Amino acid sequence: MAELIKLYEENPNPKQVEKVVDVLRKGGLVIYPTDTVYGLGCDITNSKALQKLARIKGIKLEKANWSFICADLSNLSDYVRQIDSSTFKILKRCLPGPYTFILPGNNNLPKDFKKKKTVGIRVPDNNIARALVAGLGNPIVSTSIRDEDDILEYTTDPELIHEKWDNLVDVVIDGGYGDNVASTVIDLSSGVPEVVREGKGSLDIL
């Protein structure tokens, strides 16, 4: 049974944040708000949690293309090869924001991602998401919560999300209604920006 925890984006309660961080540290799965759709994530360093996430999504872990949710750009060099100044300027201009940037991975990636040539980096403009990552001390691996509905691709109501995912995850954070438009995905791995998916983020930044 998943616990439903209410957090306010303007001022996330530190005790409640630490409670969720503790669940992540112990290998739990957490559904949380971002600046776009609700995300489902776990600790990037926890193999058992990653395997469980892959099972839920019905894919093999090595084939998964999930985002690394970061608190800011300070730990970028932990996971990404050295990038040029023009690429870094795009990141600085857009983040935090509703973008996922595909960047070249380096040799320090956690063992479950060692074979990845690229990684998707996300810094959401959402205080709850960033507080979780900051408390954990490393990124959360994340994937979007999708809906089977033909019209609504993403569930936006946290109570409905809790109802649907109750037996699959450990915590659902109620951070208010989510958006139903995912992040804009931009591939910067070659140094030349390439739009992979148009979403909430404007393309005027390119």
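Which residues of helix α6 (residues 158–165) are buried? This report on a predicted model opens with that helix, then turns to the strands, the cores and one loop residue.

## Helix α6

The buried residues of α6 are P158, I161, H162 and W165. Seen down the helix axis, they fall within an arc of 100°, so they line one face of α6. An α-helix has 3.6 residues a turn, so residues three or four places apart point the same way. On the other side of α6, E159 and E163 are exposed.

Several elements cover the buried residues of α6. They include β1 (3–6), β2 and β3. Helix α2 (47–57) and strand β8 (171–174) are also among them. The N-terminal end of α6 has a cap, D157. A side-chain oxygen of D157 lies 2.9 Å from the backbone nitrogen of E159.

## Strands β2, β3, β4 and β7

Start with β3. Five of its five residues are buried, so this strand counts as mostly covered. Strand β2 pairs with β3 in the antiparallel sense, over three bridges. The two form a hairpin, with six residues between them. Within this pairing, I31 stands opposite L40 in β3.

Strand β3 also pairs with β7, again in the antiparallel sense, over five bridges. Here G41 stands opposite S142 in β7. D43 has I140 of β7 as its bridge partner. Strand β7 spans residues 140–144 and is mostly covered, with four of its five residues buried. Strand β4 (residues 67–69) pairs with β7 as well, antiparallel, over three bridges. In that pairing, F68 stands opposite V141 in β7.

## Nonpolar cores

The largest nonpolar core has 41 residues. Which of them touch the most other members? They are I31, F68 and F101. Two or more residues of this core come from each of β3, α2, α3 (76–79), α4 (85–94), β5 (99–104), β6 (118–122) and α6. Helix α2 gives the most, with four residues.

F68 has a long list of contacts beyond residues up to four places away in sequence. Among them are I44, Y79, L109 and F113. F68 also touches V119, G120, I121 and R122. P139, I140 and V141 are on the list too. V141 is thus both a contact of F68 and the residue opposite F68 in the strand pairing. A second, separate core has 17 residues, including L7, V17, V20 and L136.

## D35 in the hairpin loop

Where does D35 lie? This residue is in the loop between β2 (30–32) and β3 (39–43). Is D35 buried or exposed? D35 has a relative accessible area of 11%. Buried means under 20%, so D35 is buried.

D35 reaches residues far along the chain numbering, leaving aside neighbours within four places in sequence. Its contacts include G97, P98 and R122. P124, D125, N126 and K200 are in contact with D35 as well. For D125 there is also a polar contact: its backbone nitrogen lies 2.8 Å from a polar atom of the D35 side chain. R122 is in contact with D35, and R122 also touches F68.

How values were computed. Residues are numbered from 1 along each chain as its sequence is written. This is a predicted model: local features need pLDDT of at least 70, side-chain atom pairs count only at pLDDT 80 or more; totals for chains, interfaces and linings use all residues. Side-chain values use heavy atoms; hydrogens and water are left out. Buried means under 20% relative accessible area, exposed over 50%, partly exposed in between (1.4 Å probe, protein chains only). A polar contact is a pair of N or O atoms within 3.5 Å; within protein, one must be able to donate a hydrogen and the other to accept it, and residues adjacent in sequence count only if both atoms are side-chain atoms. Contact means heavy atoms within 4.5 Å. Two strands pair if DSSP finds at least two bridges between them. The arc is that of the directions from the helix axis to the C-beta atoms. A nonpolar core is a set of buried Ala, Val, Leu, Ile, Met, Phe, Trp, Tyr and Cys residues joined through side-chain atoms within 4.5 Å.
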